[in-house]
Amino acid sequence: MKKFRFKLETLLGVTRRKKEDAERRFAEATRALEEARAKLAEYLQDMQKVQAEYAEQTKAGKRISVGRVMTFTSYVNWKRQQIEQQQQTILEAQNARQQRLKELLEMMSKLKSIEQLKEKRLQQYKDELLFEENKMLDEIGLQLYMRKAGA
């Protein structure tokens, strides 16, 4: 009997590669999200340091020049803008990661269905092979019986 050949083997291979690509893109999106979160944490830490420094200078009873106050104010405003922009970047990164996850799950589902189809076809092939083998054995047994009965 002929060797088992899955007609959709090429599709299975392409789908596996697409799944691997989707996994890679998901990992990249996850890494980008983590980097954005780390940068936000850095900005927040910088903001806390500046606010603590300002509080220390005003609490000590020292006189602070108007120029120094304006410098602190402009720096704090700039940091706030950076923080807001980074929060927006994080939202975008989360959305991108969610989209990549959706694509990955879709590819995994397609791959699983093709693999299940392959397993089903392989089982059908094995069943047909077993049927043919039993049929051949029955014919051999019948021939042996007929030889003995004729002798």
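Helices here are DSSP runs of H or I with at least four residues, numbered from the N terminus. With that settled, let's work through a few exercises on this predicted model.

**Exercise 1. Place the salt bridge of Lys-110 and Glu-106 within its helix.**

Solution.
- Start with the pair itself: Lys-110 forms a salt bridge with Glu-106, and the closest N and O atoms are 3.8 Å apart.
- That distance passes the test, because a salt bridge needs a side-chain nitrogen of Lys or Arg within 4 Å of a carboxyl oxygen of Asp or Glu.
- Next, the spacing: Lys-110 and Glu-106 are about one helical turn apart because they sit four residues from each other in helix 2.
- Finally, the surroundings: Lys-110 is partly exposed at 40% relative accessibility, and Glu-106 is partly exposed at 41%.

**Exercise 2. Find which residues are linked with Arg-24 in a network of salt bridges.**

Solution.
- Begin with one pair: the side chains of Arg-24 and Glu-28 meet in a salt bridge of 3.2 Å, N to O.
- Arg-24 and Glu-28 are four residues apart in helix 1, so about one helical turn separates them.
- Now widen the view: Asp-21, Arg-24 and Glu-28 are linked in a network of salt bridges.
- For context, a search of the whole structure finds 11 salt bridges.

**Exercise 3. Describe the spacing of Arg-37 and Glu-34 in helix 1.**

Solution.
- The two side chains, of Arg-37 and Glu-34, meet in a salt bridge of 3.3 Å, N to O.
- Both residues, Arg-37 and Glu-34, lie in helix 1, three residues apart, which is about one turn of the helix.
- As for accessibility, Arg-37 is partly exposed at 35%, and Glu-34 is partly exposed at 42%.

**Exercise 4. Decide whether Phe-26 is buried or exposed, and give its C-alpha distance to Leu-101.**

Solution.
- Locate the residue: Phe-26 is in helix 1.
- Apply the cut-off: buried means under 20% relative accessible area. Phe-26 has 18%, so Phe-26 is buried.
- Then compare sequence and space: Phe-26 and Leu-101 are 75 residues apart in sequence and 6.0 Å apart in space, C-alpha to C-alpha.

**Exercise 5. Name the residues of the nonpolar surface patch, and classify Met-136.**

Solution.
- Met-136, Leu-137, Ile-140 and Leu-144 make a nonpolar surface patch of about 390 Å².
- Met-136 belongs to helix 2.
- Exposed means over 50% relative accessible area. Met-136 has 51%, so Met-136 is exposed.

Note on methods
Residues numbered from 1 in each chain as written. Predicted model: local features only at pLDDT ≥ 70, side-chain atom pairs only at ≥ 80, totals over all residues. Heavy atoms only, no water. Helix = DSSP H or I, 4+ residues; strand = E, 2+ residues; numbered from the N terminus. Buried < 20%, exposed > 50% of the residue type's maximum accessible area, 1.4 Å probe, protein only. Patch = residues over 30% accessible without salt bridge, like charges linked within 9 Å, V, L, I, M, F, W, Y side chains within 5 Å. Areas by Shrake-Rupley, 256 points an atom, 1.4 Å probe, with all protein chains shown as cover.
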